[in-house]
Amino acid sequence: RWPLWRLLASISQELTAGQAALPDGAEVLTKPPDSLPLAPSAEDSDLYLSIIVQCRNDNYGGNMLVRLNRMLATATYMLQAAGVPAEILIVEWNPPPNSPPIAEAIERASGTSVETVPIRVIR
């Protein structure tokens with residue numbers, strides 16, 4: 001099975017075990033209360049999402065730049081499609097001297113707007 005399903009099953013087991021250990025009348029909150037909105041409303045105009053990613057252009061784990069660019073493309077497409085005002089901050093830590101800086105190695109997916117979802121690199 002896919003590892004995510006094992007993780008979710010583990011979390012479910014922990015919640016069930018925790019629920020059994022609670023005093024009478026107490027409960028573990030496993031979903032948001034019905035009173036909380038699940039999506040931002042028009043009144044939440046000050047909503048702004050910042051996604052912070054730290055990385056290093058050293059090919060750790062293999063195909064690091066490919067994985068980073070795929071994540072950036074997916075995130076920018078999803079945020080733009082959802083109309084969520086957001087930014088992506090990439091923190092490049094301890095860059096190797098023989099590798100190009102992340103700012104030069106990342107690619108913006110076609111069809112995404114710099115104004116809608118800016119990508120900034122902090123070095």
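Before I read out the order of elements, let me say that helices here are DSSP runs of H or I with at least four residues, that strands are runs of E with at least two, and that both are numbered from the N terminus. With that settled, the protein chain in this predicted model follows the pattern α-β-α-β-α-β when read along the sequence, and its secondary structure comes to three helices and three strands.

Let me stay with the whole chain for a moment. The protein chain has 123 residues, and buried residues make up 23% of them. Its accessible surface comes to about 9100 Å², with 58% of that area belonging to carbon and sulfur atoms. If we take the contacts between residues at least 6 apart in sequence, 68% of them join residues at least 24 apart.

Now to the helix α2, which runs over 64-82. It has 19 residues and reaches 27 Å from its first C-alpha to its last, close to the 27 Å expected at 1.5 Å a residue. Which residues of α2 are buried? They are Met64, Leu68, Asn69, Leu72, Ala73, Ala75, Thr76 and Leu79, and the buried residues of this helix pack against β1, β2, α3 and β3. Just after α2 comes Gly83, which takes a positive phi of about 70°.

That brings me to backbone angles elsewhere in the model. As background, most residues other than glycine have a negative phi. Against that background, Asn63 has a positive phi of about 55° although it is not a glycine, and its place is in the loop between β1, at 49-55, and α2. Asn94 likewise has a positive phi, of about 45°, and is not a glycine either; this residue lies in the loop between β2 and α3. Are these two asparagines buried or exposed? Since exposed means over 50% relative accessible area, Asn63 counts as exposed because its value is 52%, and Asn94 counts as exposed because its value is 51%.

A further asparagine, Asn57, also belongs to the loop between β1 and α2, but here the accessibility reads the other way. Buried means under 20% relative accessible area, so Asn57, with 8%, is buried. What does its side chain reach? The side chain of Asn57 reaches the backbone oxygen of Pro100 at 2.8 Å. Leaving aside residues up to four places away in sequence, Asn57 touches Met64, Leu65, Pro96, Ser99, Pro100, Ile102 and Ala105. Of these neighbours, Met64 has already appeared in this talk among the buried residues of α2.

Turning to aromatic residues, how many aromatic pairs does the structure hold? It holds zero. There is, however, an arrangement of a charge and a ring to point out, in which the charged end of Arg56 sits over the ring of Trp93, 5.5 Å from the centre of that ring.

My last residue is Ser110, whose place is in the loop between α3, at 102-105, and β3, at 119-122. Ser110 counts as exposed because its relative accessibility is 60%. In sequence, Ser110 and Tyr77 are 33 residues apart, while in space they are 9.4 Å apart, C-alpha to C-alpha.

Key: Residues are numbered from 1 along each chain as its sequence is written. This is a predicted model: local features need pLDDT of at least 70, side-chain atom pairs count only at pLDDT 80 or more; totals for chains, interfaces and linings use all residues. Side-chain values use heavy atoms; hydrogens and water are left out. Buried means under 20% relative accessible area, exposed over 50%, partly exposed in between (1.4 Å probe, protein chains only). Rings of Phe, Tyr and Trp (its six-membered ring) pair if their centres lie within 6.5 Å; planes under 30 degrees apart count as stacked, over 60 as edge-to-face and the rest as tilted. A charge sits over a ring if NZ of Lys or CZ of Arg is within 6 Å of the ring centre and within 35 degrees of the ring normal. A polar contact is a pair of N or O atoms within 3.5 Å; within protein, one must be able to donate a hydrogen and the other to accept it, and residues adjacent in sequence count only if both atoms are side-chain atoms. Contact means heavy atoms within 4.5 Å. The expected span of a helix is 1.5 Å times one less than its number of residues. Accessible areas come from the Shrake-Rupley method with a 1.4 Å probe; for residues, only the protein chains shown count as cover.
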